[in-house]
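Here is a short briefing on one protein model. Keep the sequence and the 3D view open as you read.

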Protein chains: 4
Amino acid sequence: MTDFFQDLKPLRFDPDGADLAFRHYDPDETLMGKRMEDHLRFAVAYWHSFAWPGGDPFGGQTFQRPWFGDTMELARLKADVAFEMFDLLGVPFFCWHDADIRPEGDSFAESRRNLEEMTDYLMDKMEGRKTKLLWGTANLFSHRRFMAGAATNPDPEIFAWSAATVKLCMDATRKMGGQNYVLWGGREGYETLLNTDLKRERTQAGRFLQMAVEYKHKIGFEGAILIEPKPQEPTKHQYDYDVATVYGFLKDFGLENEVKVNVEQGHAILAGHSFEHELALAAALDIFGSIDMNRNDYQSGWDTDQFPNNVPEVALAYYEVLKAGGFTTGGTNFDARLRRQSLDPVDLVAAHAGAMDVCARGLKAAAAMLEDGTLETMRAERYAGWDAPEGKALLESDLESIAASVEADGIDPQPRSGRQEILESIVNRFV
Amino acid sequence: MTDFFQDLKPLRFDPDGADLAFRHYDPDETLMGKRMEDHLRFAVAYWHSFAWPGGDPFGGQTFQRPWFGDTMELARLKADVAFEMFDLLGVPFFCWHDADIRPEGDSFAESRRNLEEMTDYLMDKMEGRKTKLLWGTANLFSHRRFMAGAATNPDPEIFAWSAATVKLCMDATRKMGGQNYVLWGGREGYETLLNTDLKRERTQAGRFLQMAVEYKHKIGFEGAILIEPKPQEPTKHQYDYDVATVYGFLKDFGLENEVKVNVEQGHAILAGHSFEHELALAAALDIFGSIDMNRNDYQSGWDTDQFPNNVPEVALAYYEVLKAGGFTTGGTNFDARLRRQSLDPVDLVAAHAGAMDVCARGLKAAAAMLEDGTLETMRAERYAGWDAPEGKALLESDLESIAASVEADGIDPQPRSGRQEILESIVNRFV
Amino acid sequence: MTDFFQDLKPLRFDPDGADLAFRHYDPDETLMGKRMEDHLRFAVAYWHSFAWPGGDPFGGQTFQRPWFGDTMELARLKADVAFEMFDLLGVPFFCWHDADIRPEGDSFAESRRNLEEMTDYLMDKMEGRKTKLLWGTANLFSHRRFMAGAATNPDPEIFAWSAATVKLCMDATRKMGGQNYVLWGGREGYETLLNTDLKRERTQAGRFLQMAVEYKHKIGFEGAILIEPKPQEPTKHQYDYDVATVYGFLKDFGLENEVKVNVEQGHAILAGHSFEHELALAAALDIFGSIDMNRNDYQSGWDTDQFPNNVPEVALAYYEVLKAGGFTTGGTNFDARLRRQSLDPVDLVAAHAGAMDVCARGLKAAAAMLEDGTLETMRAERYAGWDAPEGKALLESDLESIAASVEADGIDPQPRSGRQEILESIVNRFV
Amino acid sequence: MTDFFQDLKPLRFDPDGADLAFRHYDPDETLMGKRMEDHLRFAVAYWHSFAWPGGDPFGGQTFQRPWFGDTMELARLKADVAFEMFDLLGVPFFCWHDADIRPEGDSFAESRRNLEEMTDYLMDKMEGRKTKLLWGTANLFSHRRFMAGAATNPDPEIFAWSAATVKLCMDATRKMGGQNYVLWGGREGYETLLNTDLKRERTQAGRFLQMAVEYKHKIGFEGAILIEPKPQEPTKHQYDYDVATVYGFLKDFGLENEVKVNVEQGHAILAGHSFEHELALAAALDIFGSIDMNRNDYQSGWDTDQFPNNVPEVALAYYEVLKAGGFTTGGTNFDARLRRQSLDPVDLVAAHAGAMDVCARGLKAAAAMLEDGTLETMRAERYAGWDAPEGKALLESDLESIAASVEADGIDPQPRSGRQEILESIVNRFV
Ligand SMILES: [Co+2]
Ligand SMILES: [Co+2]
Ligand SMILES: [Co+2]
Ligand SMILES: [Co+2]
Ligand SMILES: [Co+2]
Ligand SMILES: [Co+2]
Ligand SMILES: [Co+2]
Ligand SMILES: [Co+2]
């Protein structure tokens, strides 16, 4: 045991609300026939919680963690503390980038060896514990070599480095029993069109993803491959802009049945969408995979990655997740950072606990709305005309026949109320 | 002759700059082997210039045009004035919605007859004139029947009405020799997800577009079918969000070789993109069709549809148009409104003239940049590694082989300057 | 009785949740020693609920109300229906613009007579009813004469017309026992700086406001004068941008003790602020007056004026209201429009009822947070150093002495956790 | 001589356009009776050009400058290179933060000694050179001690540290002949209202600024004190939001005649304003001081601090500067960063040279527009009514008299065209 969290005790479910307890998250509560833990499938993000020093564009490190530094020994200390927090929270999953869990080596080979050693170390820690790996991913954006992209770099050597890194990370994910492998194209975009060959870079990205899928099948990795859309930041423009953009990209490279999306609230917001829109669209396109449940600030134009705190919004997100059938390999990853002023170890635990409670409340409300059924009944009524024989026939018809019948029948369609405010009030009964 | 424009004379090219002359737009000047008029292919938008009364959400009509009203006689007066302006400007094209050129009838049949009569009237006016029809389109968003969408309406009758209207408008476009037919899905989106079946509506939209394409082939319409992307407004969310979204939609419904896009600067901005991004992407995806050359205000979050006035921005747009091979059936439509305080007839003419000059300057700068070649040379140099045999082989390889060679060769890729500021200065030599 | 609302019955408080009942709004429930009704002081906005036809920039009227039209008879019918809704909801207040309640006349004098006649009619209706006037205001933005502003118009005649109108409206407000008089400068701004004399227009606005204050004192109007800040829309830039801007304006014209602000959530959002920020700032500057409790959509860049529906956000707003001492003359005006698809009379009633419940829940949470005291205790602890003698002395000191003591004492200040996530979780216990 | 810039030669004015020459910036060209150099008063920002390592929230250092590190020796090397660039560019000014020019010491006293030693070193370099100090400022935001603000910190010790630092920096600025002293309140704001006492923090900020002004007078510093407004980033909300907010703040603390503003384009944009708006408003309020001439990307919601590249926009900014009488103590500071991919020394020089040319073109256009006079004539005509006796009398009148005369005279004001498009075309003749 490290002494980082001092005398903090594992959090229990306590609806009466002691400090540092779950007031709403009861892993064993059953909703729609499934345990809450199995619905939510919470994961802690190694990077934000253990690797981020608290910097922003106008200031450096605020956190002073005893494990900060570039040695294997410190990497092990970091892992020790991480698993202590997983135990405190009782989370079933965590997620990592290679760069979070191992020090960068002086060469590719040394970085590989560091990664292999650290994944062994993490597997030892997982042994006998409940916390598993939700997904692994490669950090292809922090080192200066990636400044102009990874797969989409003008330099083929960097494509090669990136491809090799994805191989390592997918191997490591498989070794650790990870349930998904994620690609977030942090610098797969551009700073200025003036130096960019958009078409060429898009082709590189498509081929890169095909290689990743081919390798998955080759090694028999059973998990899902996920792309995480984001419109911009750090780049001026990122190719995986949003769910709809990723879908077109997948179709173009024949990958729409191979790859799904990991949707993050903050990235949805930056792209001009609500979180629930992106989730509903992913479900409609049959590419829904997993979520990053953090939020952006509505008054900031950058990616703040805050812990979720608004129950009604979270409820609408889980409503779409449940309508999509719930998570299979996916889960609820907190891709969330403490505010850089939240210096204390207790802040780290309390932030996760608060977020887990927010999600639990949101999930319960979502399940109740689905079981109540009013929303879905009203939705179905609105489209009932399309389920009638005339509606079905219409879609099989053609412009000329339709035009003839419009005149012949003298139709004069009348609008009907969309009942938005009433629907919003119905939601408010549950949240 | 009406007396609307009083004693205004047709505008001439006069670089020394009399009032109400073109200082830069010289239709006969040759650039890259083509007349400027044939490059730019300017079109006046009937709706903004002749049908818009000057209202906004906080106030009504400011313009008091003698042709405002709902009779056929006034519709003819409107057409007379429109063609007088086309003559003053010497524009080769105009564009319309059905609702701009004919009064709404009491029934579908009456509206159809009004449309047929007015298109005959317009064809009489076109006879012996240079101004042709760039494109026609159907207004499926203004009347209250469309409040919940046209093709994506929950009510099949409105789908039918809309389909019949598109048939009429495509017929009319073909009759008038129109070179394109445009669909802008003004209300093909939603106000709230709570009452919306996203998947169902998307399917309706896809089938609707297929019907339009089928009908085009049936009647032998030779023009292009174009979709105009827009992310939102009037809806909270529109299905044709941006070029990338439309591409995915076309792929899904097997229409990517049948339909192209009409890209508007203001809509690009609302979707979080630069205009040149949308143009470059459309070209990369081989769906570039035409442009609406109006601009939004960067400090406003809504669609202001202002006349273009920033030459450097317009130059970058035409640079992408020229790189894409220039317009074929497409052109430069001014989907631009006078500010509602610009009450005088001369404002209408001067706004178009100023915009045409801005475009002419932009086009000349774009052509000069392309002919100079520095930008393209620098771009090609940046990606040169991909044209070498090793680069080409890399895309044919696989993760495992690549990873092996990265270690075996001990590669350590070094970043190279992206030279953004130098490239921006090169552009500034031309604009 | 009109038949507009058909058989709807006055809404009662019914926590078990019949349809069209209040589940949370119980006027007589006491919080912090005051009845809920007296805390919230709800007002219905005459304009959005009874005068708005449902248009947007891309489509016209969707509502077809029997009172639409320009006659006195229809104005009386509108008033009849309005008061029927006030009765159904049991609201203590309503608000109007002159243009909402009377038809525009052919001359100023006729409009004045229409206003006087209609205010008499409204007073008859108020007789024996609970619903009073929260505030009146002048519509100085809809008619085309105001297209370039009212007080800030380049034409002195329009300043005069506007000044005369404010006189009428303040007279009418006083006559009807209104508790405030509001100025929203809908077109007090500009479309382009190129034709604008910013300094001159600002001076005009300042003098106009002084005249309004002078007139208030002259006639002995006891209510408060309120400015409603908004950053833009319909103008590109409005002079009353936000609370901080209005404060500087008031200071400049010596009016900071005479005028307060009416803060609207949607306008706060458009200006880049949270609602609670604007409320807290207004309280800190001692100019807090009243609120418009509607919301904007976070994904739209324009003013959607939707009914509030997010309880946690509303709770934070009322928390600031309560900390500021609650309303005196002010109240909670729903400056909210039905979505234009919400066609049915029941939508109008249900939207208000839902919003009243949202506010009631928010208020109860805010009161509970204040009574609990944890938030305020933690806030006070954070600043405790400033309450110590050294802290107080510091503000009385000077740079030179401070610099000397910093070195002499060798101070090395250490940052302390800001505890944001913990505070957010505390809030979530109450909402 | 260091070897950083290798064989680069001082840039000359060469309109025919050799590489790395000024095509438009001719320091000795006379405009409106003043040399171009004396109009523009260019300054290089020490921080972005010499201290910024190229990091962003998703990646670390990309620049590898030989002077990076924390020793006095490296600080001197940095200064040597900086002055070599000043010589290459022939800029008349530079600007610094204390943290840019000296290494942080282990105590306040050591930091002070480092600063004193480095300012001596810089003064030696200035000796015999043309480059002077435009302004100095204190970095009160990068070190973790400032994470919750400087003057507005909840901890009085940090207020003290900050006050002492401002004293040192103002001393150093005066010693070096600086013409202004700037305060940018990077963290004078909040991350969450929940832990913030807005009123108290605002009072601290006001008193802090008073102390700075008192100290200026005490030591006889002749330069101007400037505040640089910014709405947010790094904080969620910054107290110096924009020019209007700063004005209200200055009025409140009696400083409106003591302090002016340093306006940055990027910060104007983030606050929802155009750059020219902020400049025109500062001039109207008589607090215009200086400018930071960098730009933000219109598609990014964060502060990109790019070099200016759009001549028409820059022309409108200098138009307001010239209308305000031009700079006195102020100047044109490039608070601009290279893009982090622009790795080469030549990028640094070329970026400044390109920006200087953009500004020179903008200034020449602005001067030509002013000398031409059409814009100002048209503006004056629009307000002519206010210069007539009736217009003047109106502002001295009162609501009652005005209302009486509106009816008595039967006025019916008619709107006149605002001529926006024509004005935009006039501008386009010059840019
Ligand atoms: Co994120
Ligand atoms: Co994420
Ligand atoms: Co548009
Ligand atoms: Co358009
Ligand atoms: Co509003
Ligand atoms: Co309002
Ligand atoms: Co900046
Ligand atoms: Co700056």
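How many nonpolar, polar and charged residues does the lining of the largest cavity have? The count is 22 nonpolar, 20 polar and 4 charged residues. Keep in mind that this is a predicted model. The points below take the cavity, then a metal site, then the way the chains are related.

**The largest cavity**

- The volume of the largest cavity is about 1,500 Å³.
- Its lining is made up of 46 residues. Closest to the centre are Y298(A), G301(A), G301(B), G301(C) and G301(D).
- Which elements give two or more residues to this lining? They are helix 9 (265–270) of chain A, helix 9 (265–270) of chain B, helix 9 (265–270) of chain C and helix 9 (265–270) of chain D.
- Empty space of this kind shows up when a probe the size of a water molecule is rolled over the atoms.

**A cobalt site in chain B**

- The cobalt ion (ligand 3) has protein donors from E264(B) (OE), H267(B) (NE2), D303(B) (OD), D303(B) (OD) and D305(B) (OD). D303(B) is thus listed with two OD entries.
- These donors lie 2.0 to 2.8 Å from the ion.
- Along the chain, the donors of the cobalt ion (ligand 3) follow the spacing E-x2-H-x35-D-x1-D.
- Which residue bridges the cobalt ion (ligand 3) and the cobalt ion (ligand 4)? The bridge is E264(B), and the two ions lie 4.5 Å apart.
- Are D303(B) and D305(B) buried or exposed? Both D303(B) and D305(B) are buried.

**How chain A relates to chain B**

- Two copies of a chain are related by a rotation about an axis and a shift along it.
- For chain A and chain B, the turn is 180 degrees and the shift along the axis is 0.0 Å. Chain A then lies on chain B with an RMSD of 0.0 Å.
- The two copies are therefore related as by a two-fold rotation axis.
- In chain A, G248(A) has the C-alpha nearest this axis, 1.8 Å from it.
- The same surface serves both copies, as 100% of the contact residues of chain A recur in chain B.

**How chain A relates to chain D**

- Chain A is superposed on chain D by a rotation of 180 degrees, with 0.0 Å of shift along its axis and an RMSD of 0.0 Å.
- In chain A, the C-alpha nearest that axis belongs to G301(A), at 2.0 Å. G301(A) is also among the residues closest to the centre of the largest cavity.
- Here too the same surface serves both copies: 100% of the contact residues of chain A recur in chain D.

Note on methods
Residues are numbered from 1 along each chain as its sequence is written. Chains are lettered from A and ligands numbered from 1 in the order in which they are written. This is a predicted model: local features need pLDDT of at least 70, side-chain atom pairs count only at pLDDT 80 or more; totals for chains, interfaces and linings use all residues. Side-chain values use heavy atoms; hydrogens and water are left out. On a 1 Å grid over the protein atoms alone, a cavity is a set of points where a 1.4 Å probe fits but cannot get out, and a pocket is an open set with protein on both sides within 12 Å along at least five of seven lines; lining residues have an atom within 4 Å of a point. Grid points are joined across faces, edges and corners, and a volume is the space filled by probe spheres set on the points. Helices (H or I, at least four residues) and strands (E, at least two) are DSSP runs, numbered from the N terminus. Ala, Val, Leu, Ile, Met, Phe, Trp, Tyr, Cys and Pro count as nonpolar, Asp, Glu, Lys and Arg as charged, and the others, Gly among them, as polar. Donors are N, O and S atoms within 2.8 Å of the metal (3.2 Å for Na, K and Ca); water is not among the atoms, so sites may look incomplete. Buried means under 20% relative accessible area, exposed over 50%, partly exposed in between (1.4 Å probe, protein chains only). Copies are superposed by least squares on the C-alpha atoms of residues with pLDDT of at least 70 in both. Contact means heavy atoms within 4.5 Å.
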